[in-house]
Structures are given as structure tokens and as C-alpha cells.
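Work through the exercises below with the structure open beside you. Try each task before reading its solution.

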Amino acid sequence: MAQSRSSHFPAHYVGRFAPSPTGPLHFGSLLAALASFLDARANNGQWLVRIEDIDPPRETPGAATAILRCLQAHALMWDGDVLYQSTRTEIYRQACAQLLEQRRAFYCTCSRLDLANNNGVYSGRCRHCLERPRQLCTIRLCTDALDIHFDDAIQASFTVNMARDIGDFVIYRKENLPAYQLAVAIDDAAQNITHIVRGFDLLDSTPRQIFLQHCLHLPTPHYAHIPVIANSQRQKLSKQTFARALNNANAVDNLLAALEFLRQPLPPKPHTKSATNVLDWAIAHWDMALIPRRDELYGDALPPRCRHFAT
């Protein structure tokens, strides 16, 4: 039987943008920030910013500050205080301890090779391990044959069987750091997030997060996954693929290119004098139904304004 989550939310819309401080914002980051901002503002909602700084080995000094300055330069002004995940590690530990105590989680010493031998789906080999072993280990969440169903506002409906398609997944890393899935599920609930607009590259994370929400008795937001921009090798723009940092001095042009990528109406010239003018127009004319139902856009499929960002 499919598990479709619907829970009690605040009456108003609460969206969020949650970058990791692994480097400056690039055009791909701007697409996610802009889409989530416009959807929140067009629905008279709040838009929050969360810095997901729980992976110190990958983080770049000064990146969090640079990200916030870049958002400000593009007039993407958030509501309330910025939440830093690094201040919440004890909350993640407590949630993990709760899942271990309930035998919903277990310690795992398996290697990546062990996973590769089972097509990436965990075999359940360490499920009996309820006491922390002496060697380095992860903590995995037990999945079962539950079908997780969700309706994506852009991409369509999805149903994933947790045991068959995903298997037991990591919620605490061997470096004694909380895994992305656990921290996101907990913080989305803590911030009363009702709607998540993010890139298609995170679509595979959604059933994991919904399953965690189910295990921790947390509400499930509405999801929408926009296409990601890719380079000529069909690699998603990222720090790893050497995506160029946004030039804050070109904020208006950056926003116009992002609107074109999202297939939104472009403002006439009188509304392009500043980033704030562009956003005011874009909020009034926002239409999520115009966003292409694609996983990625690259090459000739990119609108002309966007192509130089992908080279």
C-alpha cells in the first residue's frame, strides 16, 4: 500500500533555500534560489535561508558569507534569521539515538564495495548490529517494503518502494557527522517548511526524506523539482564541474537569464533597472506550470541568455 503523506501545516506558505557552503553561488544555485523565492512570494509566503554546513571537509572558508552577500546583491531577501545546521548537531544526535533505541536504525561496517556488489541497494548484512562496534561505522535506517508516493508539482507523480528501490540508507556518517537526509528532514520540520522547490538532482532524496519524516512523525512538505542546467558533457553545474561564480555586478542580467531558463515571462525594459524591479515583475507573473518537465537542460535546449553559464 502506498504511503502518501499529508500533515498539518501552518496556514501560510513557508519555503526555503538551503545551500551548502562548498563555494560561491553559481548559475545553477541561482535557479533554485530564484524558483523557490518566486513561488514563496507569489503565494504570499515566507522564504527562509538555511546554511547546510554539516560537512566540514567539503566546506570553503568564507563561502557562507559570500552566499548571503550574493543573495542580497540579487535582491533575494530572506525572512527571519539564517539557520546554520552546524548549531544543531545535538538535535540530530538525539534523533539518531531515538531511532536506534526503537530499532529503526543500526550500526553498519560495510564498505562501498559491499554495496556495489548488490547494485547499490544495501543487503541488510549488518541489521543485527545494535551496539556500536569498535571500528569506524555508519548508522543506517531500516527500510521496509513500504511504497512512498509523492506528487511533484513540476515533474509528475512518483512511487518508490523503499526496500526494493533504495534499501537501508545512511543517516549518520562514519566521520560522526549527520547525513544530509537526516538533517534536512529534521530541519524542514523545525522551520515549518510547507513547500520545497529545488533542483531535479535532489529528486532521489525525496522518498528518503519522506520515509524519515514518517519514522520521526514529522510533516511532509509539498515538493517541486526544477530542471538543472548542465554543461556540454551533460554534467550538472557545480563546484566539481568548475561552474563559474556569479558576478554580483551583473545581478539584473543573471536574473533575466534565470527567468528565461525557467520559461517565465521576461519584464519589459522599464522593469529591468534593478534586481528589485525584475523580481517585483517576476513575482506578479510567476507561473510554475511554464517550467519544463525535464531533468536537465543543456546545449541547444538552453535559452540563449543561459548558454554562456554552461561553457
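The exercises that follow concern a predicted model.

**Exercise 1. The buried face of a helix**

Find which residues of helix α2 are buried, and state where they lie around the helix axis.

Solution.
- Step 1. Take helix α2, residues 63-73. Apply the cut-off: buried means under 20% relative accessible area.
- Step 2. The residues that pass are Ala-63, Ala-64, Ile-67, Leu-68, Cys-70 and Leu-71.
- Step 3. Look down the axis of α2. The buried residues fall within an arc of 160°, so they line one face of the helix.
- Step 4. Recall the geometry. An α-helix has 3.6 residues a turn, so residues three or four places apart point the same way.
- Step 5. List the partners. The buried residues of α2 pack against β2 (14-17), α1 (27-42), β3 (46-51) and β4 (83-84).
- Step 6. Check what comes after the helix. Ala-75 follows α2, and its phi is positive, near 60°.

**Exercise 2. A three-stranded sheet**

Work out the strand order of the open sheet of three strands, then identify its edges and the helices across it.

Solution.
- Step 1. The order is β5-β6-β9, and the pairing is antiparallel.
- Step 2. Find the edges. β5 (105-108) and β9 (169-172) each have a single partner strand, so one side of each lacks a neighbour in the sheet.
- Step 3. Get the twist. Ignoring direction, neighbouring strands of this sheet are turned by 45° against each other on average.
- Step 4. Inspect one pair. β6 (residues 138-141) and β9 are joined by three bridges in the antiparallel sense. Leu-141 stands opposite Phe-169 in β9.
- Step 5. Add the helices. α3 (residues 89-101) lies across β5, β6 and β9, at about 130° to β9. α7 (residues 205-215) lies across β6 and β9, at about 60° to β9.

**Exercise 3. Salt bridges across the sequence**

Determine which parts of the chain are tied together by the salt bridge of Arg-173 with Asp-55, then treat Lys-236 with Asp-201 likewise.

Solution.
- Step 1. Start with the total: the structure holds 14 salt bridges.
- Step 2. Take Arg-173 and Asp-55. Their closest N and O atoms are 3.3 Å apart. This meets the cut-off of within 4 Å.
- Step 3. Place both ends. Arg-173 is in the loop between β9 and α6 (180-190), and Asp-55 is in the loop between β3 and α2, so the pair ties together parts that are 118 residues apart in sequence.
- Step 4. Compare accessibility. Asp-55 is buried at 16%. Arg-173 is partly exposed at 24%.
- Step 5. Look for a further partner of Arg-173. Glu-175 also forms a salt bridge with Arg-173, at 3.3 Å, N to O. Glu-175 is partly exposed, at 41% relative accessibility.
- Step 6. Turn to Lys-236 and Asp-201. The closest N and O atoms are 3.1 Å apart. Lys-236 sits in the loop between β12 (228-229) and α8 (251-261), Asp-201 in the loop between β10 (195-199) and α7, and the two are 35 residues apart.
- Step 7. Check their accessibility. Lys-236 is partly exposed at 36%, and Asp-201 is partly exposed at 39%.
- Step 8. Finish with a network. Salt bridges link Arg-16, Arg-50, Glu-52 and Asp-188.

**Exercise 4. The nonpolar cores**

Name the residues that touch the most other members of the largest nonpolar core, and find the element that gives the most to it.

Solution.
- Step 1. The largest nonpolar core has 54 residues. Touching the most other members are Phe-27, Leu-34, Trp-47, Leu-71, Leu-76, Ile-229 and Leu-262.
- Step 2. Sort by element. α1, β3, α2, β11 (222-226), α8 and α9 (275-284) each supply at least two residues. α1 gives the most, with 10 residues.
- Step 3. Zoom in on Leu-76. Leaving aside neighbours within four places in sequence, Leu-76 contacts Leu-30, Ala-33, Leu-34, Phe-37, Trp-47, Leu-71 and Leu-279.
- Step 4. Look beyond this core. Another core of 44 residues lies apart from it, with Val-14, Tyr-122, Ile-139 and Ile-171 among its members.

Technical notes. Residues are numbered from 1 along each chain as its sequence is written. This is a predicted model: local features need pLDDT of at least 70, side-chain atom pairs count only at pLDDT 80 or more; totals for chains, interfaces and linings use all residues. Side-chain values use heavy atoms; hydrogens and water are left out. Buried means under 20% relative accessible area, exposed over 50%, partly exposed in between (1.4 Å probe, protein chains only). Helices (H or I, at least four residues) and strands (E, at least two) are DSSP runs, numbered from the N terminus. The arc is that of the directions from the helix axis to the C-beta atoms. Contact means heavy atoms within 4.5 Å. Two strands pair if DSSP finds at least two bridges between them. Axes are lines fitted to C-alpha atoms, for helices over the stretch in contact, and angles run from 0 to 180 degrees between N-to-C directions. A salt bridge is a side-chain nitrogen of Lys or Arg within 4 Å of a carboxyl oxygen of Asp or Glu. A nonpolar core is a set of buried Ala, Val, Leu, Ile, Met, Phe, Trp, Tyr and Cys residues joined through side-chain atoms within 4.5 Å.
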